[in-house]
Amino acid sequence: MNIIVLKGGISSEREVSLVSGKIIADTLRENQHQVTEIDTVLPMEQLEKKLDTTENHLRRGNSNLLKLLHHDLFRNCDFVFNALHGGEGENGEVQSLLMMHGMKFNGSDSTGCAISMDKIISKLIFERYNIPTPKWEHFNRGKEETIEEMVRDIEKNLAYPVVVKPANEGSTVGLTIVNQPEKLTDAIHFSRKFSKEVLVEEFIPGRELTVALLDNRALPVVEIIPKHQIYDYECKYADGMSEYLSPAPLPQELTRRIQAYSLLGFKALKCSGYGRMDLRLSPDNKPYFLELNALPGMTSHSLVPKAAKAAGIPFSELLEIIIETGLRNGR
Ligand SMILES: Nc1ncnc2c1ncn2[C@@H]1O[C@H](COP(=O)(O)OP(=O)(O)O)[C@@H](O)[C@H]1O
Ligand SMILES: [Mg+2]
C-alpha cells in the first residue's frame with residue numbers, strides 16, 4: 001500500500017510524535033509498504049524541494065495540510081497513518097480534513113477525537129455511563145467564575161490532595177498535585193497557561209493502570225510503576241524512569257471489570273479503531289478512570305505496543321490491524 005505517515009506537528013507532544021512516526025514508518029516499510037513521512041511543521045519550501053523523496057514536510061497549521069491534500073502525493077495514497085500526538089493531530093481537526101478528502105486513516109474519526117481530547121466532556125460522559133472517575137470541579141466553562149470562587153468550590157467539594165490539570169493537554173503537561181490550600185491558586189494559574197479550561201480532581205493514591213483498546217476489544221491491562229509519585233513527562237519518555245508489568249498482576253474478576261469499563265468508555269466517547277484508557281486503582285481496588293487517549297504513543301516505551309505484545313501481537317502486526325480497522329471504518 002501507499003501510506004503517508006504524518007508526524008511532528010505543533011503540539012507540546014511534537015517530540016514524542018517524531019519518535020512514534022519514525023518507528024511506524026520504518027516498520028511499515030519492513031512490512032513492504034511504500035511510505036512517505038511528512039512532518040507537519042516544517043516550511044512549505046522544503047516540502048516542494050523534497051516532494052519526490054521519502055521525507056516531506058508541510059508548514060504549521062491545517063491550511064497547509066489542506067493545500068497538500070490536493071497534491072498527487074495524497075491522491076496516490078491508500079492510507080494516512082497519523083502519528084501526531086496532542087493538538088490538531090489528536091483533537092479532530094486533522095481527522096476532519098482527511099475525512100472531507102475521503103482519505104482512510106488510523107484510529108477515531110473527528111468526533112471521537114474531539115470528545116476524548118476534552119477531559120471535562122469525557123468525565124461528564126463517564127459519569128453518565130457509570131464509569132467511575134475521580135471527584136472533580138472545573139473552571140471556566142459556561143460559568144462566569146473567578147479563581148477565588150473556584151477555589152471556594154474546590155474546598156467545599158473536594159479533599160486534598162487534588163490534581164490540577166488543563167482540560168485538553170497530554171503527556172502530563174501543565175499538571176500539578178496540590179497538597180495544601182496556599183498552592184492551589186498558583187497551580188490553577190500554571191494550568192491556565194496551557195488551556196483556558198482547568199480541571200481539578202481528587203488525587204487517587206494507589207496504582208497506575210492503562211488499558212489499550214484494539215478493534216473493539218480490550219487488550220491485557222498494563223501496570224505502570226513510575227519512579228515519581230505520578231506518571232509524569234519524564235517517567236513517560238525517559239529510559240528507566242518507569243517499570244511496566246504487562247499484564248498487570250490483578251485478580252481476574254477485577255481485570256475483566258476494568259477491561260469492560262474501558263471498552264464501554266471507548267464506545268461512549270465515540271472512539272473507534274484503537275485507543276487507550278488511563279486509570280488509577282485505589283488501595284481498596286476501586287478503579288478511577290482519568291481519560292481516553294484517541295491517538296496513543298507508539299514509541300518503544302509506549303503502552304499500546306506493550307499491551308499488544310502481552311496479547312501475543314507483535315508491533316508489525318499491531319500496525320496492520322490498525323490499518324485494517326481504519327480501512328474498514330467507512331467514512
Ligand atoms: N486524579 C488523579 N489522581 C492521581 N493521579 C493522577 C490524577 N490525575 C492525573 N494523575 C497522574 O497524572 C498522569 C497524567 O494525567 P492524565 O489525566 O492521564 O493526563 P495526560 O496523560 O493527558 O497528561 C496520570 O497518568 C497519573 O499518574
Ligand atoms: Mg494520561
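## Basis of the description

Helices (H or I, at least four residues) and strands (E, at least two) are DSSP runs, numbered from the N terminus. This is a predicted model, in which local features need pLDDT of at least 70, side-chain atom pairs count only at pLDDT 80 or more, and totals for chains, interfaces and linings use all residues. Residues are numbered from 1 along each chain as its sequence is written, while chains are lettered from A and ligands numbered from 1 in the order in which they are written.

## Surroundings of ligand 1

Around ligand 1 there are 17 residues, of which Glu 201, Ile 204, Ile 230, Tyr 231 and Leu 290 come nearest; a residue is near a molecule if its C-beta atom, placed from the backbone, lies within 6 Å of it. At least two residues of the shell are supplied by each of β6 (162–166), β13 (274–281) and β14 (287–293).

Because domain 2 (135–202) and domain 3 (205–328) both give residues to this shell, ligand 1 lies between them. The domain bounds come from an automatic or database domain assignment.

## Cis peptide bonds

The bond from Tyr 160 to Pro 161 is cis, with omega near -5°. Pro 161 lies in the loop between α9 (147–157) and β6.

A cis peptide bond also joins Ser 246 to Pro 247, with omega near 5°. Pro 247 is placed in the loop between β12 (242–245) and α12 (252–268).

## Positive phi in the β9–β10 loop

Asp 215, which is not a glycine, has a positive phi of about 50°. This residue lies in the loop between β9 (207–214) and β10 (217–218). Asn 216 is in the loop between β9 and β10, and its phi is near 65°, a positive value in a residue other than glycine.
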